[in-house]
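Hello,

Here is the structure I promised to pass on. My notes on it follow below.

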Amino acid sequence: GLAPCWYRAEMSGSSRLGLAGATCPTRAARGCRWVRCCRCLHALKVGWKVCWAKAASEEEQNRMAFLSHDISMLRLFETFLENTPQLTLLLYVILRTNKAEPSQGLGICTAFLCVTWSLLDYHQSLRSFLQDKYELSLGSSAVYFLWNLSLTCPRILVVALFALLWPYGVAVHFLLVWLAMFLWVSLQGTDFMESPGPEQLYRAIVAVILYFSWFNVAPGRTLYRSIIYHGFILVDSTLLALSWLLCRSPSDEHLYLIPVVSAALPCYLLGLLLRVSYYKWLHPSARAQQQDSYDEVDANRRTDGLEFRTVLEPDLVNRRMQWLAQRQFVVPVLAEQHLLNGAAAADAAV
C-alpha cells in the first residue's frame, strides 16, 4: 500500500534525523492504521522528551512537527478509506432494518463529527506552516468545521438512501465517480510520492476522498476547480436523492426520511455559503490581502502575499506536507523558498 512506500522513502534520512525508531518494518506496515499507530507511539515518546526538556532544541521541535504532520495526513487517509465507508454502511443497515439502538444513534453522530474533525485537523496542520499571525482562530475553526459538516452529512446520507433501493448499484456508482475523480486528479498533476507507482496509488486514494469531500491537490487558485467539483457533487447527490424519492415503494416505511432528504439540499447550500464566507474573510490569503491594502505603496514594505514560518537551519522538513501546503495556500515566489517545516505544532507542544 501507500504507507509502506511512504516509509521506504524516509528510510534514507531516518537515522540522521532521529526517525529510525518511528519507522515500522515494511512487512509489518500493512495499512494506514498500523503505520499511524507506530507514528503515534513514537510521537508520544518524542513529545514526552520535548515537554520535560529544560530547553528543547530546534531539531527536536522540528522532529515533533514532522511526526504530527504525518499523523494528521495518515488520519485523513484512514478516515475516508475506512471510517467513512463504514459509517455509510452502518447508516444503510439501520435504514434497512428500520431499527436503531440509542448507542447506534450516538455512534453515528460521533462518526460524523470525527470525519469532520479529521478535515479540521488536517487543515490546522497545513496552517502550522504559516506564521503565528495566520493561526487558525477559534471562530475560523468553528466555521471551517461547520461547512465541512454541512457538506459531508448530506453526501453520506444520499449514498446510503440510494443503497436502500439498489445495493449493487451503489457499487457501480462509486466506481464511476471514483474513475472520474481519478482522471481529474491525474489531469491536474501531482508530485506527492517519489516514484510513478506509489503516485498512482496516492491519486487513487485522493479520488476516494473526493467521492465524499473536497481535497485540493493542484497549485494555484482553486475557485474554478472548486466550482466544478461542488457543482458535480451537488448534481450527483441530487440525482441520488431524486432516485430514492421517485422509485421507492408507496408502502415504504421510511416516510419520516422525506423531510430529512428535503433538508439535505438546504444543508449542502448552507455549507457552500459558509465555505464562501470562510475563503472571503477568514482564509490566510484573504487576510494577507487585507493587511496589504493598509500598507503604504512602497515596494520595500509590501509582503505581496502570505508570510510563512522560517527556521534558520532546519534539520527536518516534511516534504509531503510542504508540497500540500504550497497547493493549499497561494505561495509567492519569494515566500516559497522559505516554506519549511512549520514548527507551530511543536511550539504548542512545548
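**Cysteines first**

The sulfur of Cys267 sits 6.3 Å from the closest cysteine sulfur, that of Cys153, which is too far for a bond. A disulfide would need the two sulfur atoms within 2.5 Å. Cys267 is partly exposed, at 26% relative accessibility. Cys114 is partly exposed too, with a relative accessible area of 46%. Across the whole structure, the search finds 0 disulfides. Keep in mind that this is a predicted model.

**Overall make-up**

The chain has 13 helices and 0 strands. Read from the N terminus, the order of elements is α-α-α-α-α-α-α-α-α-α-α-α-α. Of the 350 residues in the chain, 49% are buried.

**Helices α4 and α5**

Start with α4, which covers residues 102–127. This helix has 26 residues. From first C-alpha to last, α4 reaches 37 Å, close to the expected 38 Å. Its buried residues include Ile108, Phe112, Val115 and Thr116. Towards the end of the list come Ser125, Leu126 and Arg127, also buried.

Helix α5 takes in residues 138–165, 28 residues in total. Its C-alpha span from first to last is 42 Å, close to the 40 Å expected. Most of α5 is covered, with 21 of its 28 residues buried. Leu146 belongs to this helix. At 43% relative accessibility, Leu146 is partly exposed. Its C-alpha lies 10.0 Å from that of Trp117, and the two are 29 residues apart in sequence.

**Salt bridges**

How many salt bridges does the structure hold? There are 2.

One joins the side chains of Asp121 and Arg75, at 2.5 Å from N to O. This pair links distant parts of the chain: Asp121 is in helix α4 and Arg75 in helix α3, 46 residues apart. Asp121 is partly exposed, with a relative accessible area of 24%. Arg75 is partly exposed as well, also with a relative accessible area of 24%.

Asp236 and Arg155 form a salt bridge too, with their closest N and O atoms 2.6 Å apart. Here again distant parts of the chain are linked: Asp236 is in helix α8, Arg155 is in helix α5, and 81 residues separate them. Are these partners buried or exposed? Both Asp236 and Arg155 are buried. As background, side chains of opposite charge can pair when their charged atoms come close.

**Helix α3 and the loop after it**

Helix α3 spans residues 58–97. Pro85 has its place in this helix. Pro85 is partly exposed, with a relative accessible area of 33%. Its C-alpha is separated by 9.5 Å from that of Phe212, although the two are 127 residues apart along the chain.

Asn98 is in the loop between α3 and α4. Its phi is positive, about 60 degrees, although Asn98 is not a glycine. At 31% relative accessibility, Asn98 counts as partly exposed.

**Annotated transmembrane regions**

UniProt, in an unreviewed entry, places "transmembrane region" at residues 170–189, 201–218, 227–246 and 258–278. Two of these spans have details here.

- Residues 201–218 are 67% helix and 0% strand, and their end C-alpha atoms lie 17 Å apart.
- Residues 258–278 are 100% helix and 0% strand, with the end C-alpha atoms 31 Å apart.

**A nonpolar surface patch**

Which residues form a nonpolar patch on the surface? They are Val235, Leu239, Leu242, Leu245 and Leu246. Together they have about 470 Å² of accessible area. Leu242 lies in helix α8, residues 223–247. Leu242 is partly exposed, with a relative accessible area of 40%. Helix α8 also holds Asp236, one partner of the salt bridge to Arg155 in α5.

**Where to look when you open the file**

- The pair Cys267 and Cys153, with sulfurs 6.3 Å apart.
- The buried pair Asp236 and Arg155.
- Asn98, for its positive phi.
- Leu242 and its neighbours in the nonpolar patch.

Best wishes

How values were computed
Residues numbered from 1 in each chain as written. Predicted model: local features only at pLDDT ≥ 70, side-chain atom pairs only at ≥ 80, totals over all residues. Heavy atoms only, no water. Helix = DSSP H or I, 4+ residues; strand = E, 2+ residues; numbered from the N terminus. Expected span 1.5 Å × (residues − 1). Buried < 20%, exposed > 50% of the residue type's maximum accessible area, 1.4 Å probe, protein only. UniProt positions renumbered as here; feature names shortened; annotations may be inferred. Patch = residues over 30% accessible without salt bridge, like charges linked within 9 Å, V, L, I, M, F, W, Y side chains within 5 Å. Areas by Shrake-Rupley, 256 points an atom, 1.4 Å probe, with all protein chains shown as cover. Salt bridge = Lys/Arg side-chain N within 4 Å of Asp/Glu carboxyl O.
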